[in-house]
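Welcome! Here are a few exercises to work through with the sequence and the model side by side.

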Amino acid sequence: AHNFKLKGVGPLIRALARRVKREQQGSAMTGRAFVAIVGRDNPTPFARLAGRLKVSDRVLFTGPTPRVQAFFHAADILVHNTYYDPCSRVVLEAMGAGLPVITTRYNGAAERIQDGREGFVLDSPDDDQGLAERIERLADPGVRQACARNAPRGVEGISMGEHARRVRELYEEIIR
């Protein structure tokens with residue numbers, strides 16, 4: 001992300017804090033949750049939030065990278081908790097790589113996700129409790145693996161070539 005506020009990093013950190021609290025209480029699914037935030041925005045206000053919520057040791061701000069695929073392979077899920085995105089390419093790429101996703105209805109890419117099949121779609125990016133619940137559901141290996149198997153099917157037929165063909169057809173129709 002290049003605008004951490006717009007992409008919902010604050011609610012993601014709050015959701016992480018909820019998950020960590022459940023881990024400490026022994027009521028969370030197996031494993032410990034960590035978040036890698038990839039992008040070039042200023043992390044300072046979000047690092048402070050993580051500090052206030054006592055999850056700084058679980059949040060890594062990586063900075064920008066041209067090697068997003070490497071992060072897909074290292075991750076269990078992709079969270080793109082956006083307040084607005086016409087159609088997030090990172091969500092489509094993650095699905096193509098077999099990564100379950102969590103996004104919001106404010107992301108055009110959400111049209112490619114059947115809630116609970118390829119991942120989850122939240123109604124509101126401010127719903128950090130709902131986000132924490134979806135993260136918890138994907139902590140279940142069976143749910144996560146099923147979504148991972150289904151994710152690539154959610155983006156079948158999507159390509160830059162197909163997009164260019166459709167745009168060209170639209171322009172040809174307008175010209176006629």
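Which residues have the most contacts inside the largest nonpolar core, and how many residues does this core have? Keep in mind that the model is a predicted one.

**Exercise 1. Describe the largest nonpolar core.**

Step 1. Start with the residues. The core has 25 of them, and those with the most contacts inside it are Ile13, Leu16, Ile37, Val55, Ile102, Leu131 and Ile135.

Step 2. Next, find the elements that supply them. At least two core residues come from each of helix 1 (9–25), strand 1 (35–38), helix 2 (44–52), strand 5 (119–122) and helix 5 (128–139). Helix 1 gives the largest share, 7 residues.

Step 3. Now zoom in on Ile13. Leaving aside residues up to four places away in sequence, Ile13 touches Ile37, Phe46, Leu49, Ala50, Leu53, Val55 and Phe61.

Step 4. Finally, look elsewhere. Another core, of 14 residues, lies apart from the largest one, and Phe72, Leu78, Val91 and Ala151 are among its members.

A general remark to go with this: in soluble globular proteins, nonpolar side chains tend to be buried together.

**Exercise 2. Explain why Cys87 and Cys147 do not form a disulfide.**

Step 1. Count the disulfides: the structure holds 0.

Step 2. Check the distance. The cysteine sulfur nearest to that of Cys87 belongs to Cys147, 19 Å away. A disulfide needs the two sulfur atoms within 2.5 Å, so the sulfur of Cys147 is too far from that of Cys87 for a bond.

Step 3. Compare the surroundings. Cys147 is buried, with a relative accessible area of 1%, whereas Cys87 is partly exposed at 41%.

**Exercise 3. Work out how three salt bridges are placed in their helices.**

Step 1. The structure holds 12 salt bridges. Take the one between Glu23 and Arg19, where the closest N and O atoms are 3.0 Å apart. Both residues lie in helix 1, 4 residues apart, or about one turn. Glu23 is buried at 17% relative accessible area, and Arg19 is buried at 6%.

Step 2. Move to helix 7 (residues 160–175), where Arg166 and Glu162 are 4 residues apart, about one helical turn. Their salt bridge has its closest N and O atoms 3.0 Å apart. Arg166 is exposed, with a relative accessible area of 54%.

Step 3. Glu172 and Arg168 are also 4 residues apart in helix 7, and their side chains meet in a salt bridge of 3.6 Å, N to O. Glu172 is partly exposed at 37%, as is Arg168 at 47%.

Step 4. Return to the earlier pair: Arg19 and Glu23 join Arg58 and Glu136 in one network, through salt bridges that share partners.

Note on methods:
Residues are numbered from 1 along each chain as its sequence is written. This is a predicted model: local features need pLDDT of at least 70, side-chain atom pairs count only at pLDDT 80 or more; totals for chains, interfaces and linings use all residues. Side-chain values use heavy atoms; hydrogens and water are left out. Buried means under 20% relative accessible area, exposed over 50%, partly exposed in between (1.4 Å probe, protein chains only). A nonpolar core is a set of buried Ala, Val, Leu, Ile, Met, Phe, Trp, Tyr and Cys residues joined through side-chain atoms within 4.5 Å. Contact means heavy atoms within 4.5 Å. A salt bridge is a side-chain nitrogen of Lys or Arg within 4 Å of a carboxyl oxygen of Asp or Glu.
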